[in-house]
Amino acid sequence: MPPTLASLVHHSALKLVVRAGEDRLETPVRWAHVSELADPVPYMEGGELLLITAMKLDAENPEAMRRYVRRLVGAGVVGLGFAVGVSYDDIPQALLAAAKEEGLPLLEVPRRTPFLAISKAVSAAIAADQYRAVTAGFEAQRELTRAALTGPGDLVARLAAHVDGWAAVYDASGALVAAAPEWAARRAARIVPDVERLRDRPAPASAVVAGVAGAADEGPGEDRVELQSLGAGRRARGTLAVGTAAPLGTAERYAVHSAVALLTLTTERTRALQAAETRLGAAVLRMLLAGEPDHARAVAGDLYGGLLDAPFRLVIAEAAVEGADVDEPLQALVDALESAAARAGEVILVVPDGGRVVILAADGGESVAACAAHMAERRGEAARPMEPAEDGDVVVGLSAPAGPIAAATAFKQAEQALSVARRRGRALVEHEELATGSVLPLLADDAVRAFADGMLRALREHDATGRGDLVASLRAWLSRHGQWDAAAAQLGVHRHTLRYRMRRVEEILGRSLDDPDVRMELWLALKATSGS
């Protein structure tokens with residue numbers, strides 16, 4: 001504990017006597033300062049014990065003393081020490097009354113006690129308190145280090161005990177990983193929005209959340225919660241929350257800083273290890289795509305568990321706009337999947353591939369669900385239609401479930417789904433959607449429209465002269481599968497008229513309608529340009 005007015009009064013060598021403010025002696029003293037200025041407030045920081053002899057004060061003037069004491073109280077001065085036997089044999093009644101009126105502790109300093117002795121006592125007490133804090137901090141660091149070896153749960157439990165409050169750890173996605181004591185999990189869940197706001201700031205970052213309250217069975221009333229980002233890079237790998245009833249003291253802050261360092265070490269892998277895992281994952285993926293699942297399993301060993309034996313999905317993510325910088329959005333997607341996998345006890349394989357990332361995740365697992373949820377949240381895909389993609393947007397293609405032998409097929413499926421996602425302005429497309437849907441949405445591609453416009457341009461130019469309705473006639477004839485009577489009836493013309501129009505179509509296009517490929521191309525061109 002830092003020195004207080006009470007500890008100075010009880011100091012046997014100082015012989016201080018309390019004359020006012022007896023109920024405020026437990027106030028901590030930050031420093032002892034001597035000033036004979038009529039207005040020392042500009043030189044105060046708050047928390048000082050001010051020592052005076054009233055050499056330049058009109059100490060017997062009640063109004064002057066009231067103004068003097070009020071300014072001291074307003075500046076945060078915690079006590080006033082008055083030396084008797086120097087300028088005055090006793091504390092002037094006006095000063096004593098003003099101190100009592102404002103509740104400012106007033107200490108009588110005997111003639112034989114020099115101000116220097118009081119300053120030394122305060123300084124020694126502050127130094128002793130700092131030494132105790134440092135010693136306690138080192139002890140906390142040793143305990144937290146031992147606890148960190150068994151995981152974040154034990155570490156936050158020890159930290160909560162050291163700060164006499166609660167502590168919690170969140171992963172990179174903002175999900176709660178561990179909390180202590182047991183009741184702290186519910187209170188920690190209430191500040192997830194604050195954790196997510198801190199996560200969006202460049203690391204290292206910190207924040208204070210005041211007035212965090214909980215139910216009666218969740219420990220003390222309102223807390224002051226400090227949030228600290230975890231990780232050595234610009235992107236936070238997690239967050240530490242520490243909740244206490246009062247601001248942290250020196251010893252408690254040492255413990256928090258130690259916990260941040262230890263948690264950072266546990267969440268940040270070395271670059272060499274990351275590079276090695278990336279190379280290994282890339283090699284395993286290449287073997288799977290080359291149709292060598294047995295070799296892939298042998299190389300992977302136990303690193304990926306049963307991922308290579310069970311049905312999995314292949315995820316490919318890249319920039320929605322070619323050439324855009326999406327390093328951070330891609331990393332955010334990877335973080336979301338890795339966090340979901342860690343919570344569910346799953347394993348995923350992540351392989352950076354130039355400007356995109358390839359992910360192998362268990363079919364039906366939390367990782368695949370987290371991928372869809374993350375992309376929907378990132379680009380607001382509550383409804384399927386999307387706004388045009390912008391720089392920084394990411395698109396994802398997801399394969400159908402596959403086994404190790406069919407990994408190459410799954411990769412192609414993911415690439416096809418990715419291509420469709422980009423063309424349609426979608427955040428994520430699953431290959432199964434393409435297999436069960438219609439081919440017509442694929443005609444929305446600009447290149448397809450350009451081809452269709454070119455193919456039908458001559459017919460439209462002919463119709464524009466008023467010499468016939470070849471486009472409508474062609475549409476009716478194709479929709480009726482070349483049945484002359486049915487198509488003519490639909491158009492309201494004689495079948496011979498329709499036959500003449502189809503011959504004109506062949507003449508203008510220079511292509512035969514007897515060719516099924518020509519009929520298919522014309523039908524798709526009509527669908528692409530009409531949007532129906």
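Start with the whole protein chain in view: of its 532 residues, 45% count as buried. Keep in mind that this is a predicted model. Colour by secondary structure and you will find 19 helices and 15 strands. Switch on a surface, and the chain exposes about 26,600 Å², with carbon and sulfur atoms supplying 53% of it.

Next, select strands 1 to 5. These 5 strands make an open sheet with mixed pairing, in the order 1-5-4-3-2. Look at strand 1 (17–20) and strand 2 (31–34): each stands at an edge with a single partner strand, so one side of each has no neighbour in the sheet. On average, neighbouring strands here are turned by 30° against each other, direction ignored.

Zoom in on residues 48–52 and 79–83, which are strand 3 and strand 4; they run parallel and are joined by 4 bridges. Within this pair, find L49, which stands opposite G79 of strand 4. Then add residues 93–102: this is helix 3, lying across strands 1, 3, 4 and 5 and running at about 75° to strand 1.

Now move to the largest nonpolar core, which has 28 residues; pick out V284, L288, L308, L314, L349 and L360, the members that touch the most others. Elements giving two or more residues to this core include helix 9 (271–289), strand 12 (349–353) and helix 13 (407–424). Helix 13 provides the largest share, 8 residues.

Centre on L349. Beyond its neighbours within four places in sequence, L349 is in contact with G281, V284, Y304, L307, V358, I359 and L360. For a last stop, select L50, M65, L72 and F82, which are among the 26 residues of another core, apart from the largest one.

Methods. Residues are numbered from 1 along each chain as its sequence is written. This is a predicted model: local features need pLDDT of at least 70, side-chain atom pairs count only at pLDDT 80 or more; totals for chains, interfaces and linings use all residues. Side-chain values use heavy atoms; hydrogens and water are left out. A nonpolar core is a set of buried Ala, Val, Leu, Ile, Met, Phe, Trp, Tyr and Cys residues joined through side-chain atoms within 4.5 Å. Buried means under 20% relative accessible area, exposed over 50%, partly exposed in between (1.4 Å probe, protein chains only). Contact means heavy atoms within 4.5 Å. Accessible areas come from the Shrake-Rupley method with a 1.4 Å probe; for residues, only the protein chains shown count as cover. Two strands pair if DSSP finds at least two bridges between them. Axes are lines fitted to C-alpha atoms, for helices over the stretch in contact, and angles run from 0 to 180 degrees between N-to-C directions.
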